[in-house]
Amino acid sequence: MSKNAGASPMVKHQCDICIVGNGAVGKAAALGLAQMGLRVTLVGMATTAAATMADAWDSRVYALNHVARTLLSTVKVWDALDMARVAAVDGMSIKGGTDSNTGNLVFDAYSARVDALAWIIEDRNLNQALDAALKFASNLRVLNGRVQSMQIDAAAVTVQLESGDAISAALIVGADGAQSWVRSQCGIGIDYRSYKQRGVVANFSCERPHHGIAHQWFTETEGIVALLPLPGQRVSLVWSAPEALALTLLEEPLSQLAARLSPLAGEKLGQLQPLQPELVQAFPLSLLKPHALVAPRVALIGDAGHVVHPLAGHGMNLGFGDVAALIQVLAERGAHRDCGNERLLARYARSRKEEILLMQMTTDGLARLFGFDFGPLRLLRNAGLNLLDKIPVLKRQLMTHALGRTTE
């Protein structure tokens, strides 16, 4: 059974895999690998949500695709979610501007032959379900602490915590985010570029039903605005705003933010009202490309291995895709290979290369394309959206990548 909380100082733990980082991606990896019968240790700093916010709508949400749902179902977490707080995305409307003559691209679940394009899930709902599963997982130890040092040799890798505890494993999985300590210890370099934007997030009630439609607008000068469906007549805002505008949005009342959105949302959603308690947050947006996804006895997953612009909402999906790929590679390793085998790790890196590169190129390309306020270019890209909307084959290919699965 899992052993949660810290152990006594100077204890040495032996396991097959040590996962550093206890975000949603790290937790899902720990569950999936432990369910294979591997001995897993998950290390991270404990986090708790404020009790006063228990019934509030979390401003940080994810649009999880079919790969993510399949993984969460496999590790027996999907059915543990509070489904009353999960909204299915039945369609998506993308506009290349804010006026009535702008380009328009529409996707819907019916055309994709799926029950939903994605599911909007709060960060707290997801992590509470993962935490509940961790408590009952076999072969899994959860340690609360910070990693201090790491030593790698031919047979194993050993990490030491600030508490003095040591963990010896065949494989270290870095799931410790964009500022990954594990990645830095391996000497893996990165290519980094700031978009000079912040993702501003908040939740609103809407006057009219959203019908499960996610709306996204590429504005001329104010960034990318998305309104994602929440259960009931509620929506979640994700505004990729230039830094100066983002600071203004954070400082002004949410009622003023709702007023700013009225020209976009009014036609479809009606008047917006901030949900109580009013909460707006922001996080910097960047592109981060590590030079490698693996090192000797080390594999990176989630934001430790890639950070992309959130305009497509696929950052978390890429991370869950990493987990699914790592689980598959290790499941097929054979009895004679340990989990840190160099060829296995190379196979994992190859299996993720195409999808990660495609998502990096797509999100970065779109962010650049719609970041230019140049009249002729704006007309050309809007014409492209309209044309794409009328070509079913290309739309189906785009939906296939967005869903994370092959459409039938």
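Here is a short walk through this predicted model, from the whole chain down to one helix and its ends.

Let's start with the overall picture. The protein chain has 408 residues, and 51% of them count as buried. Its secondary structure comes to 11 helices and 21 strands. Looking at contacts with a separation of 6 or more, 74% join residues 24 or more positions apart. On the outside, the accessible surface comes to about 18,700 Å², with 53% of that belonging to carbon and sulfur atoms.

Now let's go inside. In soluble globular proteins, nonpolar side chains tend to be buried together. Here the largest nonpolar core has 77 residues, and I19, L140 and F320 are those with the most contacts inside it. Helix α8, spanning residues 315-331, gives the most to this core, contributing 9 residues. Apart from this core lies another, made of 27 residues, with V89, V201, A214 and V238 among them.

F320 is a handy place to pause. Leaving aside neighbours within four places in sequence, F320 is in contact with A24, V25, A28, L64, A68, L71, L72 and L126. Some of these names come back in helix α2, residues 66-74, where the buried residues are H66, A68, L71 and L72. An α-helix has 3.6 residues a turn, so residues three or four places apart point the same way. That spacing is worth keeping in mind as you look at A68, L71 and L72, each of them buried in α2 and each in contact with F320.

Finally, take a look at the two ends of α2. At the N-terminal end, N65 acts as a cap, with a side-chain oxygen 3.2 Å from the backbone nitrogen of V67. After the helix comes K76, whose phi is positive, near 65 degrees.

Conventions:
Residues numbered from 1 in each chain as written. Predicted model: local features only at pLDDT ≥ 70, side-chain atom pairs only at ≥ 80, totals over all residues. Heavy atoms only, no water. Core = buried A, V, L, I, M, F, W, Y, C linked by side-chain atoms within 4.5 Å. Buried < 20%, exposed > 50% of the residue type's maximum accessible area, 1.4 Å probe, protein only. Helix = DSSP H or I, 4+ residues; strand = E, 2+ residues; numbered from the N terminus. Contact = heavy atoms within 4.5 Å. Areas by Shrake-Rupley, 256 points an atom, 1.4 Å probe, with all protein chains shown as cover. Polar contact = N/O pair within 3.5 Å; in protein donor to acceptor, adjacent residues only side chain to side chain.
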